[in-house]
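Trainee: I should like to take a close look at how the strands of this model are paired. Could you please take me through that part in detail?

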Amino acid sequence: MKRLLLLLLTLAMLAALPVVAFAQDDDPLADAEALLEEGEFEDAVEAYTEILDGDEENVDALIGRSEAYIALGEERRALADARRAVTLAPDNPDAYIARGAALLATDIDAALEDFSEATRLDPEYAEAYLVLAQVYSALGQGSQALANYDAAIEIEPENADYVYARGLLHYNMGNLEEALADYDAAIEIDPDNADYYFSRAYVNFDLGNIDATIADDDRVIELEPDFASGYLNRGYHLWSDGEAERASEDYYQWLLLIENSRFELDPIEGNSETLELDMDEGWSYYVPFTAPASGAVNVEVFSPGGLVDPVVVILNDDGEPIFVDDDGGFGLAVNIEDYIVGEGDFTLVIGHAGGGSIGRIQAEIEIGVTFGDV
């Protein structure tokens, strides 16, 4: 697991770094760099190899090919290229970044030494401090990570991504006020980045600032109207604040945006029914029912194995969402008690929220009776 984590971290780290070589347009090196940036890693390897066939001591090509090899999971080849780059250019900090990245999955201490050497060679190399911060953060060494984020931000104080990354670390460490300050600063620098508002909403919610939370959720949806998790978050925040009817619109939008399989079930007959259903990512079940004028709806949905986070939205006869429950029961279970829908035809939409989507669920449904009468 740690190896996989560090490999994923390496790829994220490389994506954050700038292209290391300096090339003119229409130069073979520029073409190779473009392929690397576009994620065409196999083609990038071929392009860098062609350059090295003509100039085996081209340090920039060695570094670039090393990055491409890492993305392809070929760490040994990546390490060979990076070691060659360090040998040819022992004063080039990018060579140490490349070698550290190649070592990351197998020798974390050596990788950290290389990243630190890059900062020693160039104390103003903000990206090198960022890499160190990311690695220390992944290792759970928060104080070291913060120190390196601080160094990167001191060099590039207007880099919103650095400030935001430090805010994420503060949040994960439980430093809510510090996280909020960093998210505020990142938004001031870049007010159109939905990720920043998305994360700030979590902090505001944890701090009990519900109005600020919803305002952040609104901004996320304004900036990214097709971002499903934006609706899920706002729905959950509204539901947690007792606004189940308003929240139902967001939850239903979440279910529609993630939906890849819809199952239309037969209408419920009589006063009660038990359903055993399989759930998977993006699945939803539509269960029609008819309610009398004075009857209540009671619904409990739970995952016997605890692997699914169920959610239930009630639709009226026009297909409009009118009520939702997410975690009203024990743990992640749905629990709707004595909700009066009024007389007419309705539909229960049974789907999943963000806490788990694959597994077996059981739904206990009572229509037209007050809870406990059956």
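Mentor: Strand E4 and strand E9, which covers residues 359-367, pair in the antiparallel sense, and six bridges connect them. The model in which this is seen is a predicted one. Within this pairing, Val297 has Ile367 of E9 as its bridge partner. E4 also pairs with strand E7, residues 334-340; these two run antiparallel and are joined by five bridges. Here Ala296 stands opposite Ile340 of E7. As a general point, the strands of a sheet pair through hydrogen bonds of the backbone, and the pairing is either parallel or antiparallel. Strand E4 itself spans residues 296-302, and five of its seven residues are buried, so the strand is largely enclosed by the rest of the structure. A residue is called buried here when its relative accessible area is under 20%.

Let us turn to another group of strands. Five strands form an open sheet, in the order E1-E3-E8-E5-E6, with mixed pairing. Strand E1 (261-264) and strand E6 (321-325) stand at the edges; each has a single partner strand, so one side of each is left without a neighbour in the sheet. On average, and with direction ignored, neighbouring strands of this sheet are turned by 25° against each other. The edge strand E6 is joined to E5, residues 308-315, by four bridges, and the two run antiparallel. In this pair, Val313 stands opposite Val324 of E6. A helix also belongs to this picture: H15, residues 244-258, packs on the sheet and touches E1, E3 (283-291), E5, E6 and E8 (344-357). The direction of H15 makes about 85° with that of E6.

For comparison with the strands, consider a pair of helices. The axes of H9 (residues 142-155) and H10 (residues 160-172) come within 10 Å and cross at roughly 160°. That angle makes H9 roughly antiparallel to H10. The crossing of these two helices is left-handed. On the side of H9, the residues that make the contact are Gly142, Ala145, Leu146, Tyr149, Asp150, Ala152 and Ile153. H10 contributes Tyr162, Val163, Ala165, Arg166, Leu169 and His170. Sorted by character, the residues of the contact between H9 and H10 comprise nine nonpolar, two polar and two charged.

Key. Residues are numbered from 1 along each chain as its sequence is written. This is a predicted model: local features need pLDDT of at least 70, side-chain atom pairs count only at pLDDT 80 or more; totals for chains, interfaces and linings use all residues. Side-chain values use heavy atoms; hydrogens and water are left out. Two strands pair if DSSP finds at least two bridges between them. Axes are lines fitted to C-alpha atoms, for helices over the stretch in contact, and angles run from 0 to 180 degrees between N-to-C directions. Contact means heavy atoms within 4.5 Å. Buried means under 20% relative accessible area, exposed over 50%, partly exposed in between (1.4 Å probe, protein chains only). Angles under 35 degrees count as roughly parallel, over 145 as roughly antiparallel, 65 to 115 as roughly perpendicular and the rest as oblique. A crossing is left-handed if the near helix is turned anticlockwise from the far one by less than a right angle, and right-handed if clockwise. Ala, Val, Leu, Ile, Met, Phe, Trp, Tyr, Cys and Pro count as nonpolar, Asp, Glu, Lys and Arg as charged, and the others, Gly among them, as polar.
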